[in-house]
Amino acid sequence: MTMKYDAIVIGAGSVGTPTAYFLSEAGLKVLVVDELASSGQGQNKAAIGGVRATHSDPAKIQICLQSLDIFSSWMEKTGTDIGWKKGGYCFPVFREKEEKILKSILPIQKKHGLKIDWFDSEGISKVVPGISKKGLIGGTFSPNDGQVSPLLVSESFTNEAMKFGAEFRYRESVIRLLTHGDKENLTVRGIKTTKREYRADAIVNAAGAHASSICKMAGLDIPINPDSHEAGITAPVKSFLDPLVVDIRPGTEGETANFYFGQQTGGQIIFCYTPIKIIPGEDRRSTSEFMPIMAKRMVELIPRFKNLTIRRIWRGLYPMTPDGIAVVGKPRGAEGLYLGIGMCGQGSMMGAGVGYNLAHLITKGSPAIERDVFNLLSPDRDFYSGKKEALK
Amino acid sequence: MVEARIKKHPILTVDVTYDYVTFTFNGKKLKAKNEEMISSALFANGIHIFGRHNKDDSPQGIYCANGQCSQCLLIADRIPVKSCVTPVTEGMDVRSLDGLPTLLEDDEAVKTGGKTPVIKTQVLIIGGGPAGMSAALELAKMGIYCIICDDKQVLGGKLSLQTHNFFGSIRDCYAGSRGIDIGETLSTNVENENTLEIWTNSPVVGVFSDGLVGVVRDGKYVLVKPERLLITAGAREKTLAFPGCDLPGVYGVGAFQTLVNRDLVKPTDRLFIVGGGNVGLIGAYHALQSSIDVIGIAEALPECGGYKVHLDKIKRLGVPVYTSHTVLRAEGKDHLERVIVCEIDDKFSPIKGTEAVFEIDTLLIAVGLTPVDELKKQAEEFGLKTYAAGDAYIIAEASAAMISGRMTAHRILLDMGYEVEIPPELEELIKIFMSRPGPVKDITPLPKDKEIYPMIRCAQEIPCNPCTEACVLQNVKIKESTIMGRPQFEGDCLGCARCIAICPGLAITLVDKGYDNTKKTSRVIVPWEMPDGTIKIGQDVVTTNMEGEVVGRGKVIAMKKSKWQNERALVSLEVPYKEADLVAGIRIREPTRKKIIKVVKTVDDDEIIICRCERVTKKEIADYIKETGTIDVNAVKAALRVGMGACGGKTCTELIMQIFRESGIDLKDVESLVDRPFTQEVPLRAFLEGGDNR
């Protein structure tokens with residue numbers, strides 16, 4: 001027997017769980033399917049949890065401002081701790097090149113409502129205790145950005161969605177979409193999983209690293225290719241570091257493009273770097289190179305980190321688009337299908353805002369942010385226009 | 001104060017002339033042995049509480065004493081360290097860790113060094129215990145280059161903690177020798193092989209997808225690229241969940257043996273043990289040898305699972321063994337002060353009205369072992385050519401680990417293309433060593449009309465034969481085809497007592513029937529391994545039979561300890577004629593009486609800590625499973641932080657699986673925890689300096 005819902009969300013991760021929450025909060029009968037055994041077990045749990053509206057793309061700025069609103073009021077709204085910490089984001093700058101980039105995007109950031117300012121080296125030293133002052137020019141600090149625990153976020157969205165009646169089915173993979181109409185003008189009205197068929201008027205693809213294959217089932221060719229990144233966490237120490245820090249210089253070791261870290265509410269320092277040489281593919285097994293390189297970068301920026309203890313490392317995937325911008329909205333030629341994909345490693349910070357907008361789009365016919373700005377994330381855009389997100 | 005150190009020991013050499021260093025704990029000046037672990041130095045000074053947990057202020061102390069659990073964290077010279085693996089040094093400033101540590105505001109730039117060195121080897125052996133060393137020696141015979149990594153300061157693994165004589169056969173696994181001596185023999189042999197490189201103080205912390213293995217070698221991180229990986233990392237102790245199981249004073253027998261047998265520290269004067277397998281029974285014996293009284297042993301099953309000879313020897317000394325009993329709860333303000341033990345029914349449920357209290361400050365947990373196999377799983381996932389031997393493969397006796405190490409070495413050689421054959425006797429031996437002890441049978445009928453003869457009370461089939469090789473006249477024989485058979489005495493006896501000195505089970509006595517025919521007394525020689533002064537020549541003692549029941553009284557007429565007896569004393573007792581064949585031992589303590597208590601608080605799940613690192617209770621986990629219906633341990637981890645702490649789920653994972661089972665979920669359906677490096681925490685500093693000197 002086919003089961004009928006108002007909306008089906010494919011993927012119970014960073015995007016899928018908030019989408020399910022906002023849809024069910026709006027009164028829809030929602031089903032979430034995920035191939036893994038529980039929510040957040042894909043790339044969500046690999047995220048380090050930074051949430052910033054400090055972007056250059058207006059849509060990302062606005063959507064992340066909404067994420068920040070959702071996260072910062074979550075405790076009040078639901079009584080659940082999601083590890084929210086309003087510690088801001090700091091981009092310290094050591095070279096003119098980065099100073100120029102960051103200063104150039106300040107106007108657009110401010111225009112779209114982000115609270116952010118340029119600080120001199122003295123100011124940055126206060127924001128980031130123990131930062132190496134050698135060559136420090138200054139940097140930006142956006143005090144309203146923050147951090148969450150991605151694990152608790154997907155867990156909490158799941159629980160709250162369930163309270164509104166959403167159903168979560170795990171260990172079920174989607175094998176095809178139930179469609180009718182011709183190739184150019186499909187209507188998607190359900191899914192067939194490894195277990196059974198489900199029907200709904202709205203199908204949301206929030207399948208993260210595997211989103212591309214779901215799109216293909218509807219004949220859509222959305223270029224999303226995962227590459228892999230490693231991250232780690234230390235044993236906890238007393239709280240001393242407020243912001244999440246992004247050092248966007250390439251590392252002296254020649255391997256790292258940038259690196260970032262922050263201190264969680266529990267005291268652990270969580271960290272990650274972007275390799276210069278992108279590692280495409282879905283390999284999530286840890287490498288021997290990561291920690292030695294990471295350790296050097298960490299103490300070069302903050303020497304007192306030498307006394308930390310490394311607890312664990314892991315690897316996750318960034319579902320990348322060619323222009324580094326997420327794909328959110330209704331694609332042409334696949335009626336009934338909605339996309340919240342290609343988060344480029346920012347699913348955890350964008351997910352709440354994306355879910356909010358998708359729910360708005362499905363239930364009210366329009367996104368929660370201005371349509372023009374929202375359209376910057378359009379699935380129908382030219383992914384190879386050459387325009388790129390500056391703070392990818 | 002008087003230092004809590006072991007001052008005399010029947011087996012171990014107690015050197016009282018060691019070098020002292022002075023250190024401070026929370027500002028108070030204390031003395032320690034130079035280079036001993038901080039935790040042992042604190043125990044020697046009577047300090048058992050090392051800090052308070054940041055989540056709930058609960059007292060923290062020793063739990064594993066093995067570098068695995070992080071419950072013994074404290075601050076040494078302003079940096080948080082695991083006190084059980086950090087040596088104390090002159091002038092060290094040690095402080096309790098109350099809450100989270102403060103990151104030292106030391107902003108001096110550090111030299112970051114070059115690339116982490118990658119060292120190639122043919123076989124990397126993780127763990128220098130009985131299995132690892134036996135395998136290494138076999139590989140060295142063929143000239144294979146191996147690196148043996150061990151996290152301790154010396155090779156030997158758990159052999160270094162075993163003061164008792166081993167079972168098995170002399171030829172195959174040094175039976176009749178003590179674990180500590182076997183450890184030394186093997187490590188000397190390993191040191192003498194020039195294709196074997198020994199890395200002590202070098203925990204292996206991760207296996208990576210690129211086939212490299214991360215090792216913290218003497219505090220510096222290096223990578224090893226082995227052609228093959230052999231994991232002989234041994235076992236870790238299972239645990240029990242009950243209210244108070246997390247109190248300082250409740251810890252594993254392994255931790256206890258480390259304190260007493262390695263560090264000669266006396267953590268308590270009296271203790272209780274839960275678990276009547278070989279580990280618990282041997283632990284009790286080791287306690288008594290360290291002048292620590294054992295108030296009792298509780299075993300959940302109707303019969304102890306350990307060898308009968310191990311059980312009997314502690315019963316003879318007067319230790320009560322409570323079968324079909326368990327620990328209901330442990331109580332105390334900041335440290336264990338008492339345990340409440342009760343009888344359980346055939347469904348392991350407590351029987352009301354049987355609760356008894358024992359006032360003790362130390363409770364040892366000995367409820368089985370589980371293989372240390374997380375590196376194996378990761379290595380296999382990453383496609384490394386991986387092997388495992390010893391307890392890391394299957395839990396068994398150390399004798400079996402040695403055989404298993406040799407067998408696995410042969411397998412490695414075969415895979416490497418060497419034309420070797422796995423000796424068929426090894427296959428046979430491994431089967432024998434893995435088998436459970438046989439049923440208890442009647443002992444051999446008494447030798448008639450002999451004046452001098454051994455009484456061999458080897459009633460259970462276990463793999464052991466040293467007595468047959470010790471007999472000068474070769475009159476002790478095993479008639480069955482394997483060493484599982486029981487030895488029998490036939491013919492004449494010279495009265496040399498070699499069989500008594502060597503029997504690992506202390507199951508042989510020598511009877512000299514007509515010692516004093518006027519008094520109608522016989523002389524019985526019994527093996528004796530208790531501290532000097534426990535009994536004295538001329539003393540009137542209570543004699544017991546093999547199982548510890550009182551036979552009568554005897555007089556100690558001689559006590560002999562010589563080199564060939566392997567530190568074991570032979571005690572001659574003068575006993576009446578009719579008791580001579582029965583006497584098997586001497587009682588040194590009156591069996592404790594159970595004190596039944598009337599009012600007992602029922603056990604609530606919210607009193608039971610499951611995840612020690614993150615202080616998560618059984619109730620929280622059970623409720624979460626019930627409310628969400630999850631079948632994923634990773635979901636429990638994400639929501640409650642179980643397994644996210646310092647130990648990475650080493651202690652709690654099995655307990656969590658048990659809660660899933662108790663919640664009515666088939667464990668086959670449960671998604672298991674995803675393992676990631678590192679298997680133990682690594683100081684960030686270790687990654688910085690690796691490249692400098694290579």
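Colleague: What makes strand E20 and strand E21 of chain B a pair?
Modeller: Two strands count as paired if DSSP finds at least two bridges between them, and E20(B) (residues 325–331) is joined to E21(B) (residues 338–343) by six bridges, running antiparallel, so the definition of a pair is met. Within this pairing, B:His325 has B:Glu343 in E21(B) as its bridge partner. The two strands form a hairpin with six residues between them, and B:Gly332 in the turn has a positive phi of about 160°. This is a predicted model, in which local features need pLDDT of at least 70 and side-chain atom pairs count only at pLDDT 80 or more, while totals for chains, interfaces and linings use all residues. Residues are numbered from 1 along each chain as its sequence is written, and chains are lettered from A and ligands numbered from 1 in the order in which they are written.

Colleague: Why is E20(B) called largely enclosed by the rest of the structure?
Modeller: A residue is buried if 20 or more other C-beta atoms lie within 10 Å of its own, exposed if 12 or fewer, and partly exposed in between, with C-beta atoms placed from the backbone. Six of the seven residues of E20(B) are buried, and therefore the strand is largely enclosed.

Colleague: What makes E18 of chain A and E38(B) a pair across the two chains?
Modeller: Strand E18 (residues 309–320) of chain A and E38(B) share two bridges in the antiparallel sense, and A:Thr309 stands opposite B:Pro683 in E38(B). Helices (H or I, at least four residues) and strands (E, at least two) are DSSP runs, numbered from the N terminus.

Colleague: How many residues of chain B are in contact with chain A?
Modeller: Contact requires that the C-beta atoms of two residues, placed from the backbone, lie within 7 Å, and 43 residues of chain B are in contact with 39 residues of chain A. Strand E14 (220–231), helix H14 (633–640) and strand E38 (682–683) of chain B each give two or more residues to that side of chain B, and H14(B) gives the most, with four residues.

Colleague: Which domains is chain B divided into?
Modeller: The bounds come from an automatic or database domain assignment, which divides chain B into domain 1 (20–100 + 239–365), domain 2 (118–235 + 371–433), domain 3 (452–586) and domain 4 (605–669). The C-alpha centres of domain 1 and domain 3 of chain B lie 34 Å apart, and eleven residues of domain 1 are in contact with 15 residues of domain 3.
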